[in-house]
Amino acid sequence: MDIVCNNISFQLPHKLSITRTRFTFTTTKSRTGPYCSLQKYSTSSPIMGKPLIKSLLPKTDHDHREYWKLNPGKFGRFGGKFVPESLITCLSLLEAEFNFVLQDTKFQEELSTALRDYVGRETPLYFAERLTDHYRNEKGEGPEIYLKREDLNHVGAHKINNAIGQAMIAKRMGRKSVVAATGAGQHGVATAAACAKLSLDCTVFMGTADMEKQSSKVLLMKLLGAQVKAVEGCFKEASSEAIRNWVGNLEKSYYLTGTVVGPHPCPIMVREFQSIIGKETRKQAMEKWGGKPDVLLACVGSGSNALGLFHEFINDEDVRLIGVEAAGFGLDSGKHAATLAKGEVGVYHGAMSYLLQDEEGQILGTHSVGVGLEYPGVGPEISFLKDTGRAEFHTATDQEAVQAYQRLCRLEGIFPALEASHALAFLEKLCPTLPNGAKVVVNCSGGGDKDVDTVVNYRYNH
């Protein structure tokens, strides 16, 4: 079944009942003619956790930030609110509250205090001297490598930047309980910590496969007072279950997402709270060498830590933005999480983005040694950066990530999360191509003490 607007075809699943569905289109003028977007989808029969629409939308050539000003929640063809009617009002209230706190002096002062005194910001921009020496060529030349040490945040990852901000919003809105989903456990622990600080009830959904790999994080969440509920599967199943739980109690609960995916305004909120990473990096780079980084490097699961680093520099076209996805056992193995390398455009968990899906639009399983990268999609803004070419995206295999983990341990005495190790692994290919003295900043998005057992087992089995 197709819906047509301005001669643009929107392909719908054949089982979707058109009589129970509402579609809202917007038309925007561009240099190439009218740009039509499917702005909102709603139905009286909600289907959570399955892709609802596979789009044949055209690309846009709009400037990234200018387009967003004209189309809040949209990044070219990506983003939007593909949700049941019952969620539209709730999301609109959340958007209004978020827009208010962005300009509210009192909230911003409280957030700055929490980030400084509770989270421990700012985090260092650390010169990795021995890692830098490792990548010098026979002439002694090579790039200078710096690590943005998000692993030194309270609870050990970048996730707390967003969790504390959203928990503060939840309390302002009068919500008594918070619902979240986690994969590697870092967002779950961050959310549990924020809720403990602000006296909010906390329920975290986590896939059974992830709970086995990250048992220490499960214990930490429980010690922080959170109720941890097991869901058969991995992070995507946990996310679907968390959303279902939230939908059943919209007036009293708050869904605290840790990823830049989902319906508007969720991706924008997470990116905004994580953008402190890039803002600090700009300031610290100016203090250390009097300029900007030449290359920014981050792993990409759904994209929160990458956007946190990238967003500040999006309009600095002389700064390369490089994201690294999980290639797992290899891109041709079928066991990977490389959405941008192998995915197609579709709708999942309420927004349009690149997804790993089959020809019927059903979501495919994912694999990565870094369980925080095991999500079958990326955020709409990351998708837009790929389509416009502003950022480039590559992949690293499990083996390459484990080797990078061990390399940083031995050369710098730092345990990086296996997720961040994917970005570190790409230095092997990147460094030989860079001029002498180029400044490279890698986002060390989390600590790797949680991954010690995984690394040891991987070495034993391989």
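This text walks through a sheet, several salt bridges and a surface patch in a predicted model.

The sheet is open and has four strands, which pair in parallel in the order S13-S12-S11-S14. Strand S13 (227–231) and strand S14 (253–255) each have a single partner strand, so both stand at the edges with one side left without a neighbour in the sheet. On average, and with direction ignored, neighbouring strands are turned by 25 degrees against each other. Strand S12 (residues 201–207) runs parallel to S13 and is joined to it by five bridges, and Thr203 stands opposite Gln227 in S13.

Side chains of opposite charge can pair when their charged atoms come close, and the whole structure holds 27 salt bridges. In one of them the side chains of Lys439 and Glu144 meet at 3.8 Å, N to O; because Lys439 lies in strand S20 (residues 439–444) and Glu144 in strand S10 (residues 144–149), this pair ties together parts that are 295 residues apart in sequence. Lys439 is buried, at 15% relative accessible area, whereas Glu144 is partly exposed, at 23%.

A salt bridge within a single helix is formed by Arg244 and Glu241, which both lie in helix H9 (residues 235–247), three residues or about one turn apart. Glu312 and Arg282 meet in another salt bridge (2.7 Å, N to O), and since Glu312 lies in the loop between helix H12 (304–310) and strand S16 (320–328) while Arg282 lies in helix H11 (residues 276–289), the pair ties together parts 30 residues apart in sequence. Both residues belong to a salt-bridge network that also includes Lys292, Asp316 and Asp318.

Finally, Phe415, Val452 and Val456 make a nonpolar surface patch of about 260 Å², with Phe415 partly exposed at 49% relative accessibility.

Notes: Residues are numbered from 1 along each chain as its sequence is written. This is a predicted model: local features need pLDDT of at least 70, side-chain atom pairs count only at pLDDT 80 or more; totals for chains, interfaces and linings use all residues. Side-chain values use heavy atoms; hydrogens and water are left out. Patches are made of residues with over 30% relative accessible area and no salt bridge: like charges are joined within 9 Å, nonpolar side chains (Val, Leu, Ile, Met, Phe, Trp, Tyr) within 5 Å. Accessible areas come from the Shrake-Rupley method with a 1.4 Å probe; for residues, only the protein chains shown count as cover. A salt bridge is a side-chain nitrogen of Lys or Arg within 4 Å of a carboxyl oxygen of Asp or Glu. Buried means under 20% relative accessible area, exposed over 50%, partly exposed in between (1.4 Å probe, protein chains only). Two strands pair if DSSP finds at least two bridges between them. Helices (H or I, at least four residues) and strands (E, at least two) are DSSP runs, numbered from the N terminus. Axes are lines fitted to C-alpha atoms, for helices over the stretch in contact, and angles run from 0 to 180 degrees between N-to-C directions.
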